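Colleague: Could you take me through one part of this model in detail, namely how the helices pack and where the aromatic rings meet? I would like a connected account rather than a list.

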Amino acid sequence: LLVSMLVLAPLGTAMTTKIVADRYLGRPVSLADAFATGLKLIAPLLLAVLVSTVLTGIGLLLLIIPGVYVALKFTLVAPAIVVEQRGARAGLDRSWSLTQGALGKLILLILVAAITNGIFQGVMFTTFGMGFLPDAIVQIFAAVVGCYFSVAITVTYFERRCEKEGFDMQLLAQSFEG
């Protein structure tokens, strides 16, 4: 569990973000490149997630709303770190600024993923009960929803960059070449 949380989760997030970003920008997609990027960015991603989790937790203790606000402001931290090759602090700051004016959109995105996952888990539990096979199917579906969420977050990151910085996709793609 500890290895999964400290290594596999940030590695998977970085790899998924890199693959989606390359595809979205029209660049060749390479699993080896995504893996190398993931290995390089495990530490900043893990640190950023730990900091954002602590700050969100503190916010949740302060009457829930501040915690939800903080969590939403850090939603784009993974793409900020992976796409822009930033450290943890810079990624947190970047996510904070990019999410300005988009909190409603981010709430809807998170709700769709959570509701979809919740409905599926409820149907599986009601239909099959508890057990190895239903649990395995739920875990697979949760992974699919997680991938969808990663894609949506990465696309939202690019949308926010275009909106806030006035880039069109072609200029944005060119800015990452090299």
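Modeller: Contact here means heavy atoms within 4.5 Å, and the model is a predicted one. With that cut-off, the buried residues of helix H3 pack against H2, H5 and helix H6 (103–128). The residues of H3 concerned are Gly-67, Val-70, Leu-72 and Lys-73, where buried stands for under 20% relative accessible area.

From H3 one can turn to H5, which spans residues 88–98 and has Ala-88, Gly-91, Leu-92, Arg-94, Ser-95 and Leu-98 as its buried residues. Seen down the axis of H5, these buried residues fall within an arc of 165°, so they line one face of the helix. As general background, an α-helix has 3.6 residues a turn, so residues three or four places apart point the same way.

The aromatic rings come next, and the count of aromatic pairs in the model is four. In one of them the ring centres of Tyr-69 and Trp-96 lie 5.8 Å apart while the planes stand at 85°, so this pair is edge-to-face. This pair links distant parts of the chain, since Tyr-69 belongs to helix H3 (residues 65–73) and Trp-96 to helix H5, with their positions 27 residues apart in the numbering. Tyr-69 counts as partly exposed at 38% relative accessibility, and Trp-96 is likewise partly exposed, with a relative accessible area of 34%.

Another pair is that of Tyr-157 and Phe-158, whose ring centres are 5.0 Å apart and whose planes meet at 70°, so it too is edge-to-face. Here Tyr-157 and Phe-158 are both buried, and together with Tyr-24 they form one aromatic cluster.

It remains to describe H2, one of the helices against which the buried residues of H3 pack. Helix H2 (residues 31–61) also packs with helix H4 (residues 77–84), at an angle of about 145° and with the two axes 10 Å apart, and the crossing in which H2 passes H4 is right-handed. On the H2 side the contact is made by Thr-37, Leu-41, Pro-44, Leu-45 and Ala-48, and on the H4 side by Val-77, Ala-78, Ile-81 and Val-82. By residue class, the contact of H2 with H4 comprises eight nonpolar residues, one polar residue and no charged residue.

Conventions:
Residues are numbered from 1 along each chain as its sequence is written. This is a predicted model: local features need pLDDT of at least 70, side-chain atom pairs count only at pLDDT 80 or more; totals for chains, interfaces and linings use all residues. Side-chain values use heavy atoms; hydrogens and water are left out. Axes are lines fitted to C-alpha atoms, for helices over the stretch in contact, and angles run from 0 to 180 degrees between N-to-C directions. Helices (H or I, at least four residues) and strands (E, at least two) are DSSP runs, numbered from the N terminus. A crossing is left-handed if the near helix is turned anticlockwise from the far one by less than a right angle, and right-handed if clockwise. Ala, Val, Leu, Ile, Met, Phe, Trp, Tyr, Cys and Pro count as nonpolar, Asp, Glu, Lys and Arg as charged, and the others, Gly among them, as polar. Buried means under 20% relative accessible area, exposed over 50%, partly exposed in between (1.4 Å probe, protein chains only). The arc is that of the directions from the helix axis to the C-beta atoms. Rings of Phe, Tyr and Trp (its six-membered ring) pair if their centres lie within 6.5 Å; planes under 30 degrees apart count as stacked, over 60 as edge-to-face and the rest as tilted.
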